[in-house]
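Student: Please show me the model. I want the reason behind each label.

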Amino acid sequence: MTDLTKTPVTVITGFLGAGKTTLIRHLMQNPQGKRLAVLVNEFGTMGVDGDILKGCADDNCPADAIMELSNGCICCTVADDFIPTLERLMALPQKPDHILIETSGLALPKPLLKAFDWPAIRSRITVDGVIALADAEAVAAGRFAPDEDAVQAQRLADEGLDHDTPLAEVFEDQIACADVVLLTKADLAGEDGLAAARAVIEAEAPRKLPMLAVTEGAIDPRLILGLNAAAEDDIDARPSHHDGADDHEHEDFDTIVVDLPEIDDPQALSDRIADLARTHDILRVKGHVAVQGKPMRLLVQAVGARVRHQYDRPWGDAPRTSRLVVIAEHDRIDAPAIRAMLQAVPA
């Protein structure tokens, strides 16, 4: 039986841009009387998601209870970073009632679950549940793989071929590890898209999973918190493509940081990012940009060619630094070409 004195942890996983940060913001704003803490793992060295969440800090989830790990996958840096960070959260003056962990969009969740078996935390923390987010519109269109037609052609040509692309493996491992799947951006997918996404996930899932449609992260916290799954004791029921491997790598993906001058036309930048995604198969772009004459910084987030931007907070005394993180599969990162396209936006 799960020890109810343990602090519950919810692991929130999902592919790039699926809406993990948006979901956590909603949970922070609707804590159901719980004192929350958040641990954000970024892919790359620039912590955008943690910065967004700190802007939403309040008494139920103060800024010192929002911590970031941006120097690598948390399951690859367990002893040096992950365990000490969890211990710092547990040692806060007011101990959190529930901890939310936002994994990198490229993370494999099963190795992270294994980390909760470490003696330093096993007696004090339990994995309440793993929540996998899937962009319903993208999944319905098969965009978790870079080229679905090419994958199918390889499968038909050679039944013995390992036809799973890195993106498909990440997606499948996240679904296989989940206790609940959230189909995000339901408003964009529509009923037909949601039905198609459910069919894809049902075909991949090793067991029947609850699937809930979500728009803008809005969901009753009672549906995903308090699951009491004790997932760290249920690892064998969560199969992975990487079972039996001593470790795992993220060399299939790469990231670069692009510095920009101040801009005067946010839409022109959005158009450049969309063009970049289409011509260079870019998976994700995110960051903050300074706009001439504007006291607030511009938050830019893109999933493929779908780009969103909004002013999120004043620059204040912070340097007006424009910087974007660009993530793609390793062999699609052409750093000079990417920088040339983004830095060509008129200032």
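Student: How do you know that α9 falls short of a straight helix?

Tutor: Compare two lengths. The end C-alpha atoms of α9, which has 19 residues, are only 20 Å apart. A straight helix would reach 27 Å at 1.5 Å a residue. That expected span is 1.5 Å times one less than the number of residues. The 20 Å is short of the 27 Å. One caution: this is a predicted model, where local features need pLDDT of at least 70, side-chain atom pairs count only at pLDDT 80 or more, and totals for chains, interfaces and linings use all residues. Residues are numbered from 1 along each chain as its sequence is written, and side-chain values use heavy atoms, leaving out hydrogens and water.

Student: What makes α9 a helix in the first place?

Tutor: The label comes from DSSP runs: helices are H or I with at least four residues, strands are E with at least two, and both are numbered from the N terminus. α9 has 19 residues, so it passes the cut-off of four.

Student: Where is the kink in α9 centred?

Tutor: On Asp-192, with a kink of about 80°. The bend at a residue is the angle between axes fitted to the seven residues ending there and the seven starting there.

Student: Which residues of α9 are buried?

Tutor: Ala-186, Ala-189, Gly-193, Leu-194, Ala-197 and Ile-201. Buried means under 20% relative accessible area, exposed means over 50%, and partly exposed lies in between (1.4 Å probe, protein chains only).

Student: What makes the contact of Arg-124 and Glu-87 a salt bridge?

Tutor: The rule asks for a side-chain nitrogen of Lys or Arg within 4 Å of a carboxyl oxygen of Asp or Glu. Arg-124 and Glu-87 meet at 3.6 Å, N to O, so the pair passes. Arg-124 sits in the loop between α5 (119-122) and β5 (125-135), and Glu-87 in helix α3 (residues 78-90), so the bridge ties parts that are 37 residues apart in sequence. By this rule the count comes to 13 salt bridges.

Student: Why is Arg-124 called partly exposed?

Tutor: Its relative accessibility is 33%. That lies between 20% and 50%, so the label fits. Glu-87, at 32%, is partly exposed too.

Student: How do you know that Glu-262 and Arg-320 meet in a salt bridge?

Tutor: They are 2.9 Å apart, N to O. That is within the limit, so the label holds.

Student: And what makes Arg-297 and Asp-312 a salt bridge?

Tutor: Their side chains meet at 3.0 Å, N to O. Arg-297 lies in strand β10 (residues 296-303) and Asp-312 in strand β11, so the bridge joins parts 15 residues apart in sequence. Arg-297 counts as buried, at 8% relative accessibility. Asp-312 is partly exposed, at 25%. Elsewhere, salt bridges that share partners join Asp-135, Glu-137, Lys-185 and Arg-306 into one network.

Student: What makes a space a pocket and not a cavity?

Tutor: Whether there is a way out. On a 1 Å grid over the protein atoms alone, a cavity is a set of points where a 1.4 Å probe fits but cannot get out; a pocket is an open set with protein on both sides within 12 Å along at least five of seven lines. Lining residues have an atom within 4 Å of a point. The largest pocket holds about 740 Å³ of space. Its lining has 41 residues, and Gly-19, Thr-22, Lys-185, Gln-301 and Arg-308 lie nearest its centre. Helix α1 supplies the largest share of that lining, seven residues.

Student: Which residues line the largest cavity?

Tutor: Gly-14, Phe-15, Ala-132, Leu-133, Ala-134, Phe-171, Gln-174 and Ile-175. Two elements, β5 and α8 (166-177), give two or more residues each. About 30 Å³ of space lies inside. A volume is the space filled by probe spheres set on the grid points, which are joined across faces, edges and corners.

Student: Why is Ala-230 called buried?

Tutor: Its relative accessible area is 10%. That is under the cut-off, so it is buried. Ala-230 is found in the loop between β7 (211-213) and β8. It has a positive phi of about 45° although it is not a glycine.
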